[in-house]
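Here is my note, set out as numbered points for reading beside the coordinates. I begin with the backbone and then turn to strands, side chains and cysteines.

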Amino acid sequence: MQQKNSGWMDKVSDFVAGKGFYIVLALCAAAIGVSGYVLFFTGGEEDFVDEPLQISGAVNDAVQTPPVSQPEQTDPKQEAQEALPKPADNPSKPAEAEDKKKEKNAPASAQIPIEQAEQTAAPKAETFISPVQNGQVLREFSGDQLVKDETMGDWRVHNGVDIACDDGGKVCAIGDGTVTDIFFDDQTGYCLTIDHGDGLTSTLRGLMKNATVKKGDQVKMGAVVGGGGSTMAVESKMAPHIHLEVARDGKPIDPLSILTPAK
């Protein structure tokens, strides 16, 4: 029995060792071909499955039917007012408005009436007199030259002229002009400045406390503007007098060079 089984196995082995190898190889090739066919025609269908088209909200909004516009509600009263004929414009009003606009935008100086401008401007004085009639000159203008000051005990320039004047004596404007300042100075006492026009100003120092004019007043040559007061601390050792300073364009000049001698 064992011999018969052994013979059958030997035949199978010989067959496999011979032609069987090629048969197995053919079966494997057939299996590979069938697998490739299945994958090619059935496996790729998952990648091309039809899906419903997803439309975004923006697209949905864009394709929505636009709302039907409603006609505007109009006020019958407003339509009646607009239907009324408008009055013709007055041709004189635009010209008046333009003139007012130009007047408003004009410089302040141009808006002042000519008469008022003439009153505001300082008059130009042509002749000048001494502030103290018949007053004696005690000390003259020194300019850039240093002179001995007996009150202060040092050497300094004297930018004015000292004219003798009793305390309470009349002090006058040296020429026509406008009072531009009334003030007190610790060294030169009570002072008063007059603008005579053309860049010329005069300042009286050493006055008594109360002036007879106020700032902004226009004065004439010879008009009384105050009184002598001996209030100059820096010249207190001198006899009672008035200190007169004159400047042209802010630069001190000799007052005696413009004063007309008293007749």
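1. In which loop does Asn134 lie? Asn134 belongs to the loop between α6 (114–120) and β1 (137–139), and since the model is a predicted one, the remarks here and below concern computed geometry. Phi of Asn134 is near 60°, which is a positive value in a residue other than glycine. Most residues other than glycine have a negative phi. With a relative accessible area of 72%, Asn134 is exposed.

2. A second residue to look at in this respect is Ser230, whose phi is near 50° and therefore positive, again in a residue other than glycine. Ser230 is placed in the loop between β10 (224–227) and β11, and its relative accessibility of 39% makes it partly exposed.

3. Two hairpin turns also carry positive phi values. The hairpin formed by β7 and β8 has four residues between its strands, and Gly197 in that turn has a phi of about 85°. The hairpin of β11 and β12 has two residues between the strands, and there Asp249 takes a positive phi near 55°.

4. Strand β8 (residues 200–207) deserves a paragraph of its own, because seven of its eight residues are buried and the strand is largely enclosed by the rest of the structure. Strand β7 (residues 189–195) runs antiparallel to β8 and is joined to it by six bridges, with Thr193 standing opposite Thr203 in β8. β8 also pairs with strand β11 (residues 241–248), in the antiparallel sense and over six bridges. In that pairing Ser202 faces Val246, while the bridge partner of Thr201 in β11 is Ala247.

5. Strand β11 is mostly covered as well, with six of its eight residues buried. Besides its pairing with β8, it is joined by four bridges to strand β4 (residues 161–164), which runs antiparallel to it, and Ile163 stands opposite Ile242 there. Three bridges further connect β11 to strand β12 (residues 251–253), also in an antiparallel arrangement, where Val246 stands opposite Ile253.

6. How buried or exposed is Ser202? This residue of strand β8 is buried, with a relative accessible area of 3%. The side chain of Ser202 makes a polar contact of 2.7 Å with that of His196. Leaving out residues up to four places away in sequence, Ser202 touches Ile174, Leu192, Thr193, Ile194, His196, Leu244, Glu245 and Val246.

7. Val246, which lies in strand β11, is likewise a buried residue, at 3% relative accessibility. The C-alpha atoms of Val246 and Leu200 are separated by 7.3 Å, although the two residues are 46 residues apart along the chain. Apart from neighbours within four places in sequence, the contacts of Val246 include Ile174, Leu200, Thr201 and Ser202, and also Lys251, Pro252, Ile253, Pro255 and Ile258.

8. On aromatic side chains there is little to review, since a search of the whole structure finds one aromatic pair. The partners are Phe184 and Tyr190, whose ring centres are 4.7 Å apart and whose planes meet at 55°, so the pair is a tilted one. Phe184 is partly exposed at 47% relative accessibility, and Tyr190 is partly exposed at 24%.

9. Why is Cys165 not bonded to Cys172? The sulfur of Cys165 has its closest cysteine sulfur in Cys172, and the separation of 9.1 Å is too far for a bond, given that a disulfide requires two cysteine sulfur atoms within 2.5 Å. Cys172 is accordingly in no disulfide, its nearest cysteine sulfur being that of Cys165, and the structure as a whole holds zero disulfides. Cys165 counts as buried at 5% relative accessibility, and Cys172 is buried with a relative accessible area of 8%.

How values were computed: Residues numbered from 1 in each chain as written. Predicted model: local features only at pLDDT ≥ 70, side-chain atom pairs only at ≥ 80, totals over all residues. Heavy atoms only, no water. Buried < 20%, exposed > 50% of the residue type's maximum accessible area, 1.4 Å probe, protein only. Pairing = 2+ DSSP bridges. Polar contact = N/O pair within 3.5 Å; in protein donor to acceptor, adjacent residues only side chain to side chain. Contact = heavy atoms within 4.5 Å. Phe/Tyr/Trp six-rings, centres within 6.5 Å; stacked < 30°, edge-to-face > 60°.
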